[in-house]
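Open your viewer and get ready to select residues as we go. Each stop tells you what to pick and what you will find there.

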Amino acid sequence: MKQHFISFCLSLPLLVSAVSAQTQQHSNTMTTLSLTQQWDKTFAKSDKVTHRKVTFSNRYGITLAADLYVPRAASPSGRYAALAVSGPFGAVKEQSSGLYAQHMAECGFVALAFDPSYTGESGGEPRRMASPDINTEDFLAAVDFLSVQPDIDPARIGIIGICGFGGMAVNAAALDPRIKATVAMTMYDMSKINAEGYFASEDTPAQRMAKRQALARQRTADFVAGSYERAGGVADPLPADAPWFVKEYHAYYKTPRGYHARSGNSTDGWNVIGCQSFMNQPLLAWAHEISAPVLLIHGERAHSRYFSEYAFERMTGRKMTGQSAKEGNKELLIIPGATHVDLYDDVAGVIPYERIARFFSDNLK
């Protein structure tokens, strides 16, 4: 199941700092996490928003850690519209999701950037696991938290998913009608890639069976060893023949541009069996029943563009290749010349924050 350059599960870390955090109690669970209180993001702090650490629990009893960004300017209506943000897959809230959340707070939204279960400063054992169900639930738990905040209007909540959490965001939108609008950025469908490989390069029953058998052997080996073998993340140093998109990942996760010590994509990797359940649990099975607006944004030159095009087709029945389209309240926006990682941060200057803010303003009324 290992790949030469990058694993299907990109990676996730086990590294937390020893500063006490606030906790939230549900009726059946209370977990205290240790959170870093200093600013340790990969982006500069904005003076237009306030920021604090918060925690909340999902329905599996896992306590999630998050950064809450609030506009300094008061909401004209008295309560804010709010957004929950997560991704990329294997990244942490100190990277892309926090950057997006801070920008959205500058645009007038309360924005919550959270670490998914088993990731970063959030809880969940064993570490370095992923789940289409639990990671979708993480978005729903974030909506739970936002819905009860006194300065937030619970009828005006949206979500943003980046990369692999774009697929999770679409899945969450299909499940939870409290989510009034969804943006998926530079989306990966983690179930599709695990079942089919990149560009459908492993999309035969025999190839899937070979992966199932490899995972089954690995599970037995892990059980005997009493620990989980790592799959690895972005190769470092890069082999000379690495694909161009892997070089892009390296340029973000493995350099000061986007490196973070709690990000598995920056450090080691997932467990080899970490993404097993994605193989037979398709995330977009019910995407065609999403009634709320969805905006899919992808780079024209992104290797992953076909995932957003597939999601748009699943939601609308309309097949598009390489161009923007709109069908009802579902929209596919292609950014000319942009690559996958160009939508991770502000280096290329192509993330359409104003367009995203307008989408949410129009649909979170």
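Select helix H7, residues 305-316. Which residues of H7 are buried? They are Arg-305, Phe-307, Ser-308, Glu-309, Ala-311, Phe-312 and Met-315. Keep in mind that this is a predicted model.

Now show what covers those buried residues of H7. The cover includes helix H4 (190-196), E9, E10 and E11.

Next, check the length of H7. The helix has 12 residues. From its first C-alpha to its last, H7 reaches 17 Å, close to the 16 Å expected at 1.5 Å a residue.

Step just past the end of H7 and pick Gly-317. Here phi is positive, about 80°.

Carry on to Gly-322, in the loop between H7 and E10. Is Gly-322 buried or partly exposed? With 28% relative accessibility, Gly-322 counts as partly exposed, because buried means under 20%. Leaving aside residues up to four places away in sequence, Gly-322 touches Arg-305, Glu-309 and Ile-334. Two of those contacts, Arg-305 and Glu-309, are on the list of buried residues of H7. Now add Tyr-80 to the selection. Gly-322 and Tyr-80 lie 242 residues apart in sequence, and their C-alpha atoms are 35 Å apart in space.

**The sheet**

Colour the strands. In what order do the 9 strands of the open sheet come? The order is E1-E2-E4-E3-E5-E6-E9-E11-E10, with mixed pairing. Look at the edges: strand E1 (49-57) and strand E10 (325-327) stand there. Each has a single partner strand, so one side of each is left without a neighbour in the sheet. Follow the twist across the sheet. It averages 20° from one strand to the next.

Select strand E5, residues 152-162. Of its 11 residues, 9 are buried, so E5 is largely enclosed by the rest of the structure.

Add strand E3, residues 80-86. How many bridges join E3 to E5? There are 6, and the two strands run parallel. Pick out two pairs. Ala-82 stands opposite Ile-157 in E5, and Ala-84 has Ile-159 as its bridge partner.

Now add E6. This strand also runs parallel to E5, with 5 bridges between them. Find Gly-161, whose bridge partner in E6 is Ala-184.

**Two helices**

Select H8, residues 353-363, and keep the sheet on display. H8 packs on the sheet and touches E3, E5, E6, strand E9 (294-299) and strand E11 (330-335). The direction of H8 makes about 160° with that of E6.

Add H1, residues 96-106. H1 lies across E1, strand E2 (63-71), E3, strand E4 (110-114), E5 and strand E6 (181-185). The helix runs at about 30° to E2.

Look at H1 and H8 together. Their axes come within 10 Å and cross at roughly 65°. The crossing is right-handed. Which residues meet here? Leu-99, Tyr-100, His-103 and Met-104 come from H1, and Tyr-353, Ile-356 and Ala-357 from H8. By class, this contact has 6 nonpolar residues, 1 polar residue and no charged ones.

**Last stop**

Go to Gly-233, in the loop between strand E7 (230-232) and helix H6 (244-253). Gly-233 has 14% relative accessibility and counts as buried. Finally, add Gly-349. Gly-233 and Gly-349 are 116 residues apart in sequence and 26 Å apart in space, C-alpha to C-alpha.

Terms used: Residues are numbered from 1 along each chain as its sequence is written. This is a predicted model: local features need pLDDT of at least 70, side-chain atom pairs count only at pLDDT 80 or more; totals for chains, interfaces and linings use all residues. Side-chain values use heavy atoms; hydrogens and water are left out. Axes are lines fitted to C-alpha atoms, for helices over the stretch in contact, and angles run from 0 to 180 degrees between N-to-C directions. Helices (H or I, at least four residues) and strands (E, at least two) are DSSP runs, numbered from the N terminus. A crossing is left-handed if the near helix is turned anticlockwise from the far one by less than a right angle, and right-handed if clockwise. Contact means heavy atoms within 4.5 Å. Ala, Val, Leu, Ile, Met, Phe, Trp, Tyr, Cys and Pro count as nonpolar, Asp, Glu, Lys and Arg as charged, and the others, Gly among them, as polar. Two strands pair if DSSP finds at least two bridges between them. The expected span of a helix is 1.5 Å times one less than its number of residues. Buried means under 20% relative accessible area, exposed over 50%, partly exposed in between (1.4 Å probe, protein chains only).
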